[in-house]
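Visitor: I am new to this structure and would like a close look at a single part of it. Could you take me slowly through the place where the small molecule sits?

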Amino acid sequence: MTRVRCDRTAAWGALQAAFANGAAGMDLRQAFASDAERFARFSQSAPHVFADLSKNLWDADTETLLLNLARECGVEAHRDAMFAGAAINNTESRAVMHWLLRFPPLAPVGYNGYAIENVAKELSQVHTTLDAMLAYAQTVRDDAAITDVVNIGIGGSDLGPQMAVLALDAFAIPGKRFHFVSNVDGHELDAVLKKLKPESTLFLIASKTFTTIETMTNARSAKAWFAAQGGTDTARHFAALTTNVEAAKAFGISTTFGFWDWVGGRYSLWSAIGLPLAMAIGPQGFKAFLAGAHDMDEHFRTAPLESNLPVRLGLLDVWYRNFHGFTSRSIAPYHSALKRYPAYLQQLEMESNGKRVDAAGEALPFATSPALWGEPGTNGQHAYFQMLHQGTDVVPVEFVAVKKARHALEGHQTLLLANVLAQAQALMVGKHDAAGPSQGDVAPLGGSKSHAVDARGGITPTGGHKNFSGNRPSTFLLLDELTPTTLGALIALQEHRVFVSGSIWGINSFDQWGVELGKVLAKDVEARLLSGEASGLDGSTAGLLGLLRA
Ligand code: F6P
C-alpha cells in the first residue's frame with residue numbers, strides 16, 4: 001500500500017493555486033444565484049443519511065481537485081488495506097477492524113465483492129462473542145430484580161455507550177436505569193452510589209486495557225461499596241468488558257466479554273463495550289444498530305469517491321483546515337437525545353487526528369485535527385451562536401436534523417426544524433442593517449457603500465452591530481428518524497470521514513500517544529501530594545502542590 005502525504009502531491013499545489021486565485025473569496029450567495037442546480041449537485045443520499053453539502057465554500061472545480069488529492073494520497077488503497085485487515089495502525093502494529101464488528105455473520109466468500117477469507121477467523125470470534133453478549137443482555141433485561149446498570153469506564157469505554165444509550169432512550173426497556181461513571185473525581189461515583197441498592201445493581205467495568213487508573217479506581221470503590229452494603233454475589237452483580245480478560249478475572253470478576261486489540265478504544269462501541277446499549281435497546285435493536293453501520297461501511301468501501309459521503313466530508317475537512325485555516329468545527333444536533341454526540345465526536349476526531357507527526361514520525365508542516373465542540377440545538381442558539389454568526393472567526397457548523405419526532409407534543413417538531421433550517425440559512429445569507437442592502441440581498445463583489453471586500457475577497461459589511469456578514473459555511477445531515485439503524489449509520493459515517501482526513505494528512509489515526517505523558521506525571525504528582533516531596537519540580541507545580549497540602 002502506497003500512502004503519499006498530501007503536501008507531496010501535485011493536487012496540493014493545484015489547490016493552493018486555486019485558493020489564491022479566487023476560491024478563497026467564494027461567495028455562497030452568488031454560487032446559488034448562478035447555479036440553480038447547486039443543491040442537487042452538492043447534496044447526496046448515503047445509507048440512512050441525507051447530506052446537504054451545498055452551503056459549503058466549494059465549487060465543482062475545488063471538489064475535483066480535492067478528489068484528485070484523495071487519489072494521489074492513496075486514500076482508496078489505505079481504505080482497502082483497512083478492510084483487508086492490514087496492520088495500518090503502524091505504531092502499535094495492529095489491524096484496524098472495528099468495521100468487522102458489524103459485518104454480517106456467515107457472509108459468503110465474495111460478499112459484495114469482498115474477500116472475507118482474510119478475516120474469517122476474526123469474524124467467527126466476533127459473532128461468538130456477540131451472541132454471548134446479546135444472550136447476557138437479554139438475561140439482564142428479563143431480570144426484573146436488576147433495576148440499575150452502572151457502566152464504569154472512560155474515554156471510548158464511556159462516551160460511545162453513554163451517547164448511544166441517551167440517543168436511543170425512546171427504544172429503551174422501561175424499568176431499568178443506566179448510569180455512566182467515568183471521572184476519577186469521587187463526586188461522580190458517590191452521587192450514583194447514593195441512589196443504588198446492591199441487590200438491584202449490576203456494575204459493568206468497561207476498559208479495553210483493564211489498567212486505566214480512573215476506571216480501576218472507580219471499580220475498586222464500587223466493589224468495596226458493594227461488599228460494605230452486604231452484597232455477596234459478585235458474579236451476578238459485576239461483569240467486565242475488556243480485551244484483558246485475565247486482569248478482569250484477577251480483579252475478581254468472572255463474567256467477562258472480550259474484544260480484540262484491533263478495536264481502538266474510540267471505535268469500540270460496536271464490541272462488548274456496547275453492552276449497556278444492548279441491554280437498553282435489546283438484541284434486535286443492537287443488531288439493527290450494527291446493520292446501519294454496516295450499510296455505511298459498504299457505502300464507504302464501494303461508492304465512487306465523488307459520491308462517497310465519508311470521502312466528501314473528509315475532503316471538506318482538509319479544505320477548511322489547511323486552505324481556509326479554520327481551526328474548529330461546531331457540532332449542532334437538533335435532537336435533544338443527541339446531547340452527548342458532540343462529546344463523542346470530539347474524542348473520535350481529536351484523539352484520532354490530533355497528531356503533529358506523520359505515520360513515519362516526521363513532523364508535519366501543516367495543520368491537522370480541528371477542535372470539535374457543540375451542544376444540541378436550539379440550546380446553542382442562546383449561548384454561543386452569537387459568535388458563529390458575528391464573531392471574527394469563521395467556524396463551519398455541522399447540523400444534524402431528524403425529520404420525524406417520537407413524541408406527540410403539538411408544534412415542537414415544526415419549530416425545531418424551522419430553527420435548524422433558519423440557522424443554516426442565516427449563517428449563509430447574513431443580514432445587512434438599514435444603512436445597507438435589505439435582508440437577503442446579495443451585495444455585488446467589490447463592495448457597496450456599506451460593504452468591503454475582505455483580505456480573501458469575501459463580502460464584509462463594514463461595521464454595524466446589526467450586520468451579519470453571512471457566507472458562513474455549514475453542512476446539513478438529515479435523518480428520517482433517530483433509530484438504532486440510523487444512529488449506527490451516522491456514527492460509522494463519522495468514523496470513516498475521520499479516516500479520510502487522517503489518510504490525506506498521512507497520519508496514523510489509530511494510536512493516541514499524546515495521552516501518555518499526563519498519565520505518567522499524574523502518578524509522580526500523586527506520590528508527591530502524599531509525601532510533600534517537591535524537589536525538581538517547576539516553580540508553579542511546586543507552589544500549587546504546597547497549597548494543596550496546606
Ligand atoms: O487515555 C486515552 C484512552 O486510552 C482512550 O483511547 C480510551 O478510549 C480510554 O483511554 C480508555 O481506555 P480503556 O478502555 O483501556 O480503559
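**The surroundings of the ligand**

Guide: Let us begin with one contact in this predicted model: in the side chain of Thr209, an N or O atom lies 2.6 Å from an oxygen atom of the ligand. Ser207 also takes part, since a ligand oxygen atom is 2.6 Å from an N or O atom of the Ser207 side chain, and for Ser157 a polar side-chain atom is likewise found 2.6 Å from an oxygen atom of the ligand. On its own the ligand has 390 Å² of accessible area, and the protein covers 89% of this.

Stepping back a little, the ligand is surrounded by 14 residues, and the closest of these are Ser157, Ser207, Lys208, Thr209 and Thr212. Sorted by class, this shell is made up of nine polar, three charged and two nonpolar residues. The space that the ligand takes up is the largest pocket.

For the wider setting, the chain is divided into three parts, with domain 1 built from 6-73, 303-430 and 470-505, domain 2 covering 117-283, and domain 3 covering 513-549. Between the C-alpha centres of domain 2 and domain 3 there is a distance of 32 Å.

Enclosed space can be considered as well: across the whole structure, a search finds two cavities of 30 Å³ or more, and the largest cavity holds about 130 Å³ of space. That cavity is lined by 15 residues, of which Asp317, Tyr320, Arg329, Pro396 and Arg497 are the closest to its centre.

Methods
Residues numbered from 1 in each chain as written. Predicted model: local features only at pLDDT ≥ 70, side-chain atom pairs only at ≥ 80, totals over all residues. Heavy atoms only, no water. Domains from an automatic or database assignment. Near = heavy atom within 4 Å. Polar contact = N/O pair within 3.5 Å; in protein donor to acceptor, adjacent residues only side chain to side chain. Areas by Shrake-Rupley, 256 points an atom, 1.4 Å probe, with all protein chains shown as cover. 1 Å grid on protein atoms, 1.4 Å probe; cavity = no way out; pocket = protein on both sides within 12 Å on 5 of 7 lines; lining within 4 Å. Sits in = over half its atoms within 2 Å of the grid points. Nonpolar A, V, L, I, M, F, W, Y, C, P; charged D, E, K, R; others polar. Points joined across faces, edges and corners; volume = space filled by probe spheres on them.
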